[in-house]
Amino acid sequence: MRYELYVDSLFLMNFVMNLYILILVNRSTLRTATPGRLLAGAIVGGGGYLLPFIIGGPIPFRLLLGAATALGMLPISFPIKGLKNFMKLVEKTLFFSFCIGGGMFFLLRIPGLTGGVRSGTFMALGFGGVLFLFLQRFSEEPKPQQCICRATLIRDGARVTVSALIDSGNSLTEPISGKAVSVVDEKVFKSLWGNGGQGYRAIPYHSIGKKRGILEGYLLPELCIEVNGMSKTFRDVYVAVSPESISVKMIINPRLLTEEKGGSLKKRRNERIYDIKSSDTGKNAV
């Protein structure tokens, strides 16, 4: 028996379906992928799907090649940091692949819904889009409001990894930019800044037993948070120094995980003016 394969239709179908799946995986984790990386991963997955038909060989070999190509999308689309991180992405990919594939298998078996190759391709893409929109409503993973995670603070080549608590009780913000502020133990601060730091900020706070007060705040160049098997890196994060010892060494403001990258025009202008890590800024910022 002889079959005819339309390479363009086959590639388009797999490219779009891979893109649907990768977007859902990204939404259900910490959104570590960029649009460019998602597109690149979908292209590689769509092209890799054609390899078993081009290369040929035994059926088990073709299946392994197809599976390897599907998994190869993940390192291209997401920054992989360890086996645990990779397996979490694989789990999400398999789940959404099963949901979309199973849903399309059911819909395409309805009599009268499919036509020729071209019309069938666009019909399948339409069904996939409907399933994608449906799954998208439930794929957003709630950002943790109260959980223990691992945090790595990085400044001037020095790295400190500590246990941290994502705590909804921490609502501190830097008054000029409006950015979320996390709290670090004094010993952690001194291991990175020594006895003092540039770019000082006054962070107002309220606490039980003390109506109000001021914490010393500083701009941390890089913070990496690992939670639920996923990790994400944040740039230019404000941290305040706790005057008292903290058992978990760091209390993260959960707003940090949901802050939009751009922010308002006013905030971006303030950040350009005030977030310069020079000694002059440190003296005049407050």
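**Exercise 1. Aromatic pairs**

Task: State how many aromatic pairs the structure holds, then classify the pair Tyr-20 and Phe-132.

Solution.
- Step 1. The structure, a predicted model, holds 7 aromatic pairs.
- Step 2. Take the geometry of one of them. The ring centres of Tyr-20 and Phe-132 lie 4.9 Å apart, and the planes make an angle of 15 degrees.
- Step 3. Apply the cut-off: planes under 30 degrees apart count as stacked. Tyr-20 and Phe-132 are a stacked pair.
- Step 4. Place the rings in the fold. Tyr-20 belongs to helix 1 (residues 7-27) and Phe-132 to helix 6 (residues 117-139), so the pair ties together parts 112 residues apart in sequence.
- Step 5. Check the accessibility. Tyr-20 is buried, at 16% relative accessible area. Phe-132 is buried too, at 10%.

**Exercise 2. A second ring pair**

Task: Classify the pair Trp-193 and Tyr-218 from its distance and angle.

Solution.
- Step 1. The centres of the Trp-193 and Tyr-218 rings are 5.9 Å apart and the planes stand at 40 degrees, so this pair is tilted.
- Step 2. Trp-193 sits in helix 7 and Tyr-218 in strand 5; the pair links distant parts of the chain, 25 residues apart.
- Step 3. Trp-193 and Tyr-218 are both buried.
- Step 4. Widen the view. Trp-193 and Tyr-218 join Phe-189 and Tyr-200 in one aromatic cluster.

**Exercise 3. Salt bridges**

Task: Give the number of salt bridges, then work through the pairs of Arg-150, Arg-155 and Glu-186.

Solution.
- Step 1. The structure holds 5 salt bridges.
- Step 2. One of them joins Arg-150 to Glu-226, with 2.7 Å between the closest N and O atoms. Arg-150 is in strand 1 (residues 146-155) and Glu-226 in strand 5 (residues 210-227), so this bridge ties together parts 76 residues apart in sequence.
- Step 3. Compare the accessibility of the partners. Arg-150 is partly exposed at 46%. Glu-226 is also partly exposed, at 26%.
- Step 4. Arg-155 pairs with Asp-156; the closest N and O atoms are 3.5 Å apart. Here Arg-155 is buried, with a relative accessible area of 17%, whereas Asp-156 is exposed at 68%.
- Step 5. Glu-186 meets Lys-190 in a salt bridge at 3.8 Å, N to O. The cut-off is 4 Å.
- Step 6. Glu-186 and Lys-190 are 4 residues apart in helix 7 (residues 186-193), which means a separation of about one helical turn.
- Step 7. Glu-186 is partly exposed at 35%, and Lys-190 is partly exposed at 43%.

**Exercise 4. The surroundings of Arg-37**

Task: Locate Arg-37 and list the residues it touches, leaving out those up to four places away in sequence.

Solution.
- Step 1. Arg-37 lies in helix 2 (residues 35-48). Arg-37 is partly exposed, at 31% relative accessible area.
- Step 2. With that exclusion, Arg-37 touches Pro-75, Ile-76, Ser-77, Phe-78 and Pro-79.
- Step 3. Set sequence against space for one of these contacts. Arg-37 and Pro-75 are 38 residues apart in sequence; their C-alpha atoms are 9.4 Å apart.
- Step 4. Look for a polar contact, with N or O atoms within 3.5 Å. The Arg-37 side chain reaches the backbone oxygen of Phe-78 at 3.3 Å.

Definitions and conventions. Residues are numbered from 1 along each chain as its sequence is written. This is a predicted model: local features need pLDDT of at least 70, side-chain atom pairs count only at pLDDT 80 or more; totals for chains, interfaces and linings use all residues. Side-chain values use heavy atoms; hydrogens and water are left out. A salt bridge is a side-chain nitrogen of Lys or Arg within 4 Å of a carboxyl oxygen of Asp or Glu. Helices (H or I, at least four residues) and strands (E, at least two) are DSSP runs, numbered from the N terminus. Buried means under 20% relative accessible area, exposed over 50%, partly exposed in between (1.4 Å probe, protein chains only). Contact means heavy atoms within 4.5 Å. A polar contact is a pair of N or O atoms within 3.5 Å; within protein, one must be able to donate a hydrogen and the other to accept it, and residues adjacent in sequence count only if both atoms are side-chain atoms. Rings of Phe, Tyr and Trp (its six-membered ring) pair if their centres lie within 6.5 Å; planes under 30 degrees apart count as stacked, over 60 as edge-to-face and the rest as tilted.
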